[in-house]
Protein chains: 2
Amino acid sequence: MSRIVPVLGCASLIALAAATAPLRAEEGMWTFDGFPTDRVRAEYGWAPDKAWLGRVQAAAVRLTGGCSASFVSGQGLILTNHHCVASCVFDNSTGENDLLNKGFIAGQRENELKCPGQQAEVVTKISDVTDAVKGAYAGLEGEALTKARDAKIAEIEKAGCTDTRMTRCQVVSLFGGGQYKLYTYRKYSDVRLVWAPEDRAATFGGDPDNFNFPRYSMDASFLRAYENGKPIKTPQHLKWNPRAPKEGEITFVVGNPGSTSRLWTGSQLAFERELRVPTTVATFSELRGRLIRAMEESPEKAREGLDTLNGLENSLKVYLGRMKALGDPAFTAKLASAEADLKAKSAGNAAIGDPWAEIDKAMTAYRGLYLPYRFTQPGGDLYSYAEALVLAAQERAKPNAERLPGFTDSALPLTEKQILDQRPIYPWLDELTMSWSLSKAREYLGVDDPDSKLLLGKESPEALAKRLVAGSKLADPAVRKALWDGGLAAVEASDDPMIQYALKLSDRQRALKKAVDAAYAGPLALAGAKLADARFAAYGDANYPDATFTLRISYGQVKGWEERGRTVPFQTTLGGTFDRATGAEPFDLPSKFAVNEAKIDKAVTYDFVTTNDIIGGNSGSPVIDRAGGVIGAAFDGNIHSLGGNYGYDGTLNRTVAVSTAAVQEALETIYPAPALVKELAAK
Amino acid sequence: MSRIVPVLGCASLIALAAATAPLRAEEGMWTFDGFPTDRVRAEYGWAPDKAWLGRVQAAAVRLTGGCSASFVSGQGLILTNHHCVASCVFDNSTGENDLLNKGFIAGQRENELKCPGQQAEVVTKISDVTDAVKGAYAGLEGEALTKARDAKIAEIEKAGCTDTRMTRCQVVSLFGGGQYKLYTYRKYSDVRLVWAPEDRAATFGGDPDNFNFPRYSMDASFLRAYENGKPIKTPQHLKWNPRAPKEGEITFVVGNPGSTSRLWTGSQLAFERELRVPTTVATFSELRGRLIRAMEESPEKAREGLDTLNGLENSLKVYLGRMKALGDPAFTAKLASAEADLKAKSAGNAAIGDPWAEIDKAMTAYRGLYLPYRFTQPGGDLYSYAEALVLAAQERAKPNAERLPGFTDSALPLTEKQILDQRPIYPWLDELTMSWSLSKAREYLGVDDPDSKLLLGKESPEALAKRLVAGSKLADPAVRKALWDGGLAAVEASDDPMIQYALKLSDRQRALKKAVDAAYAGPLALAGAKLADARFAAYGDANYPDATFTLRISYGQVKGWEERGRTVPFQTTLGGTFDRATGAEPFDLPSKFAVNEAKIDKAVTYDFVTTNDIIGGNSGSPVIDRAGGVIGAAFDGNIHSLGGNYGYDGTLNRTVAVSTAAVQEALETIYPAPALVKELAAK
């Protein structure tokens with residue numbers, strides 16, 4: 001629920017990922033150096049060459065808010081989704097000037113608006129550091145292993161990026177610990193809003209249409225990267241090609257898929273199915289209900305809660321999709337059969353041993369830790385600020401190699417930016433979120449559990465959240481700045497009740513993280529590397545790693561699908577919006593659509609679907625044609641793609657994109673932005 | 001969500017149930033004529049004889065609200081749970097006189113308060129009508145089968161109870177259609193409230209402690225059955241024995257377990273796991289959140305929503321427990337192995353054939369019907385009134401044998417009472433429930449689905465619910481009475497928007513019921529009977545049927561259990577309440593506990609656990625000792641017992657009861673009711 005990067009709360013900082021068994025056509029989130037050129041040529045009679053791939057890679061942008069994007073002009077102009085900039089529009093809105101509702105057109109550079117917490121990053125270099133990292137933990141296990149590994153990573157990252165104002169270094173584990181790579185990014189921490197349509201144009205159909213198709217959504221926006229107060233130069237941008245997609249044409253999606261779990265073992269999937277997913281579905285659904293009702297209480301709350309509700313419904317839909325996939329015996333049987341195949345092929349290989357048994361043991365241990373680990377980190381933005389300030393103060397007092405991963409020298413600048421950037425806090429919303437999370441902690445841990453007692457003392461969840469939110473001054477960025485600058489002494493001397501509360505929890509959170517590292521993350525790092533070796537041995541190395549929010553490319557084609565005996569066509573048109581509108585939210589026509597109806601070319605392709613293999617984090621990714629031009633921005637998957645976390649099914653999984661043709665029509669006719677049209681048309 | 005019996009919405013009016021494979025000790029919800037005397041004697045060295053069982057059966061009461069109870073004096077005094085009478089206390093409360101909050105002590109007969117919609121029933125006769133029912137549908141299948149079966153049932157019920165003012169006849173399918181039995185009840189439709197403690201005393205610990213143990217709950221109340229304005233005579237009552245339970249002593253629980261699914265086939269369980277349970281958990285959780293937030297808006301709403309929230313949280317916990325059980329591979333493996341055993345033993349038996357395949361086919365068909373069937377029946381009390389009035393008007397115009405089950409001559413009196421009894425309706429609550437159910441219908445069916453369009457037209461769920469609730473006059477019992485008396489002409493001429501809405505939906509609901517009967521209920525009736533035959537053939541007939549909200553007896557013993565290496569003791573004491581109280585809801589001390597602390601005997605046993613095998617519907621059941629005295633009222637299971645819907649595990653499943661000793665202390669000291677103490681002590 002927080003927009004600050006969770007630190008202690010994330011299950012494993014190095015995602016377990018691995019190379020995969022026999023691939024289905026169009027499956028794969030490929031690294032650029034592993035792109036399956038031969039396979040694509042065999043399937044499509046053509047494949048991109050190295051120069052093509054290099055040009056595309058140079059224009060690809062990662063947004064630290066969790067999205068993907070691309071440069072589409074020489075002046076740092078960035079295409080992404082509206083839902084990737086909604087928090088920025090929201091943070092720049094007030095009750096009097098509701099930009100989210102009205103839409104935003106800067107018109108000229110001076111009017112472009114800063115996006116709090118947002119940073120744009122472009123990969124400039126990828127180096128293999130596998131030997132260094134594996135060497136650092138050789139012979140170790142459990143928590144000693146994770147400590148040594150993380151220390152080495154901190155050291156490599158620090159050495160790689162000496163200028164942390166302009167660069168960011170990040171070591172990522174690929175293939176479940178089979179490989180470690182150092183990604184170097186050119187970073188731009190001043191990102192501004194250029195153009196956003198009305199929220200309703202982007203969210204037309206709202207949650208009912210979320211992850212469905214046909215869709216009628218203008219889920220596109222433009223940002224611009226600045227440095228030293230000026231737009232940056234981006235000669236290596238993608239060519240804007242505002243044309244309709246053609247059925248069957250090859251498409252490439254370039255972006256940063258967040259995470260997948262396609263090669264998890266049976267016991268990892270069982271943990272998901274039995275513990276994480278149901279807990280998430282039940283608790284998120286309840287929060288959704290609390291929020292829906294609260295937003296009905298006043299127009300202010302309706303506005304102030306919208307961004308949180310949208311994000312929550314998006315997440316919930318993902319988990320409902322995972323629940324469905326994990327409960328589908330046909331789907332899970334395929335996963336089990338892939339696992340059985342790998343086990344059979346690995347039998348008798350002494351170097352591999354039995355990593356499945358090691359993972360079973362780690363998962364059993366993790367089951368005992370999961371609920372306290374999850375629920376001892378309360379929700380709410382103010383609490384997240386407090387937790388991050390407390391941890392930062394404690395960690396910065398240590399040598400770089402001994403710090404928690406979010407607080408190493410290479411990670412600190414972004415953490416600092418996210419804590420200190422000004423943005424609005426709505427106390428009622430924070431209180432709602434925090435009291436919900438505390439009440440769920442008590443429910444899942446039990447009243448008599450020591451962690452429940454630590455969290456609540458003798459207070460009720462409601463009273464505690466009310467007291468902490470009402471008493472905290474952390475909504476003021478100056479207060480956060482003083483605590484950041486003051487370090488541990490300032491934090492420990494603070495009488496802010498939220499800071500005191502975060503301090504009170506921090507020992508227990510650290511103890512839990514230590515226990516999780518010892519019993520789960522450490523063993524998984526070892527077993528994961530063995531599983532990766534087993535897969536390379538069994539299936540060769542022409543494969544893709546699980547997603548890790550690093551740059552990938554997927555290939556596919558423009559194509560509808562068959563469902564319950566009928567064909568879902570590959571595209572919708574702008575005109576379809578008018579047929580679908582009911583007048584009632586969330587199917588009320590965006591006001592500028594209504595006003596400009598006569599001028600709008602209704603035949604223009606609006607949204608379309610492709611067979612590209614994507615996942616959350618790919619939002620905003622350019623959809624690129626054979627010529628290297630951008631013809632869309634991916635913004636969703638269809639409902640079937642939600643199982644894509646565990647496996648890809650090309651007959652049903654689809655990427656949903658908004659076409660550049662529709663965006664062009666919007667820029668020319670609906671939300672006119674002539675300067676932008678001109679900029680996009682420039683060579 | 002409605003307190004009116006659902007008619008079209010319930011999946012199957014005849015529950016599929018069946019005899020079971022090898023039993024675990026203490027497993028079983030036995031019919032009185034099938035009580036396993038020899039087994040009990042072998043395990044406990046003693047077993048009740050026929051006379052003992054007869055005495056106990058004569059004192060057992062079924063409450064049509066969905067609970068169990070028992071006569072405990074010669075003047076119609078009934079012991080049950082507080083949560084079984086909470087709706088009655090709530091319906092008799094106002095903002096000025098909040099009986100639910102304060103508790104209620106009638107003191108004398110004239111002050112006893114009528115309970116809307118409540119009826120007490122005592123079984124007087126059970127006859128086997130298997131041949132008649134099976135004969136009626138011989139050679140038929142699908143919807144023709146269910147029609148013929150239901151017509152024969154309506155005929156038998158009508159013939160069995162000519163005086164529907166004093167008797168009720170109900171044909172119940174046992175062993176999944178293996179047997180049909182006619183239950184004849186003496187009914188008492190005037191039931192009044194005698195004594196109820198403060199709500200907080202009954203709900204101390206609230207949802208966090210729900211389905212947990214240790215518990216500190218005074219979940220007991222007393223009702224009285226009246227006829228012709230006078231208390232009835234009940235010479236065959238149980239003896240009130242206000243003593244502490246002894247660890248290890250044998251106990252019997254006598255009541256009406258609602259339903260179990262212990263012998264469902266793999267495809268039925270898969271349907272539960274993949275569709276019904278997750279849908280219920282997600283949607284109920286969201287409703288819970290909406291309600292929690294709404295109740296925070298004002299003290300009035302907090303009071304007015306409480307009864308609904310309590311019921312909802314209770315249901316939700318049941319579904320979360322089922323989700324956990326169905327997701328536990330060790331648990332489901334046991335069920336699968338029992339199925340495999342039965343299949344093996346039935347192989348080659350031509351008379352049995354392959355009922356599993358028939359059920360697989362029926363479940364596949366039902367999967368396609370389930371979501372429309374579920375979601376075309378909106379929530380809310382006013383809508384439920386409207387639906388019941390519409391259906392009753394339509395059905396009463398038909399001959400008895402052609403009516404829907406809830407509207408046959410034998411069923412009509414209770415339906416009428418439930419529709420016409422006066423009780424408060426809170427429009428905000430009805431609007432909340434209805435708009436939630438409509439928005440979930442749209443979410444699960446999809447915006448483009450014809451049923452979504454039928455439900456919503458071009459309105460939003462919120463606007464439609466608001467309009468219907470604001471415009472309806474059905475909260476007024478006189479309006480309902482006029483429509484009931486006026487029949488179809490009055491209903492069709494009504495301009496009440498809720499009636500018009502229910503009329504609009506009724507054709508589609510009937511079509512769906514027809515489709516469900518044809519593809520699911522009909523085939524299940526046939527296959528279920530074959531499975532029952534297979535089980536009788538394989539395991540003999542010394543067995544118990546799945547629960548059907550008919551009278552059963554279970555045996556067990558007073559016993560704690562082992563959990564995560566520690567022993568959960570078998571009892572709590574009244575004094576423990578004071579240790580557990582925090583001052584914050586729902587752990588705030590009941591006010592009379594606080595006031596009377598010095599007088600209360602803190603050593604008195606409060607709640608205790610036994611190994612009896614029970615399920616929802618057993619709430620309020622007397623816990624009876626070897627001597628036939630009542631020593632407690634069952635009010636809950638522990639968290640492990642929630643899997644009891646699918647199978648019993650004697651090492652972990654526990655019944656939770658409030659002891660008569662604690663109730664006696666309450667009657668003497670905390671909520672003094674001297675007349676009641678005297679009445680209970682009388683021979």
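In this predicted model, the contact between the chains takes 38 residues from chain A and 38 residues from chain B. On the side of chain A that touches chain B, helix H8 (206–209), helix H9 (266–295), helix H10 (299–326) and H15 each supply at least two residues. H9(A) gives the most, with 15 residues. By residue class, the side of chain A that touches chain B divides into 14 nonpolar, 9 polar and 15 charged.

H15(A) also packs within its own chain. Helix H15 (residues 427–445) of chain A lies against helix H17 (residues 461–471) of chain A at an angle of about 145 degrees, their axes being 8 Å apart. The crossing of H15(A) and H17(A) is right-handed. From H15(A), the residues that meet H17(A) include Pro427(A), Met434(A), Leu438(A) and Arg442(A); among their counterparts in H17(A) are Pro461(A), Leu464(A), Leu468(A) and Val469(A). The residues of this helix contact divide into 8 nonpolar, 2 polar and 5 charged.

The two contacts are set out by residue class below.

| Contact | Nonpolar | Polar | Charged |
|---|---|---|---|
| Side of chain A that touches chain B | 14 residues | 9 residues | 15 residues |
| H15(A) with H17(A) | 8 residues | 2 residues | 5 residues |

Chain A as a whole has 23 helices and 21 strands. Its C-alpha trace spans about 65 × 60 × 50 Å along the principal axes. The radius of gyration of chain A is 24 Å, which agrees with the value near 26 Å for a compact globule of 683 residues. Buried residues make up 55% of the 683 residues in chain A. Of the contacts in chain A between residues at least 6 apart in sequence, 81% join residues at least 24 apart.

Terms used:
Residues numbered from 1 in each chain as written. Chains lettered and ligands numbered in written order. Predicted model: local features only at pLDDT ≥ 70, side-chain atom pairs only at ≥ 80, totals over all residues. Axes fitted to C-alpha atoms, helices over the stretch in contact; angles between N-to-C directions. Helix = DSSP H or I, 4+ residues; strand = E, 2+ residues; numbered from the N terminus. Left-handed = near helix turned anticlockwise from the far one by under 90°. Contact = placed C-beta atoms within 7 Å. Nonpolar A, V, L, I, M, F, W, Y, C, P; charged D, E, K, R; others polar. Rg over C-alpha atoms; globule rule 2.2 N^0.38 Å. Buried ≥ 20, exposed ≤ 12 C-beta atoms within 10 Å, placed from the backbone.
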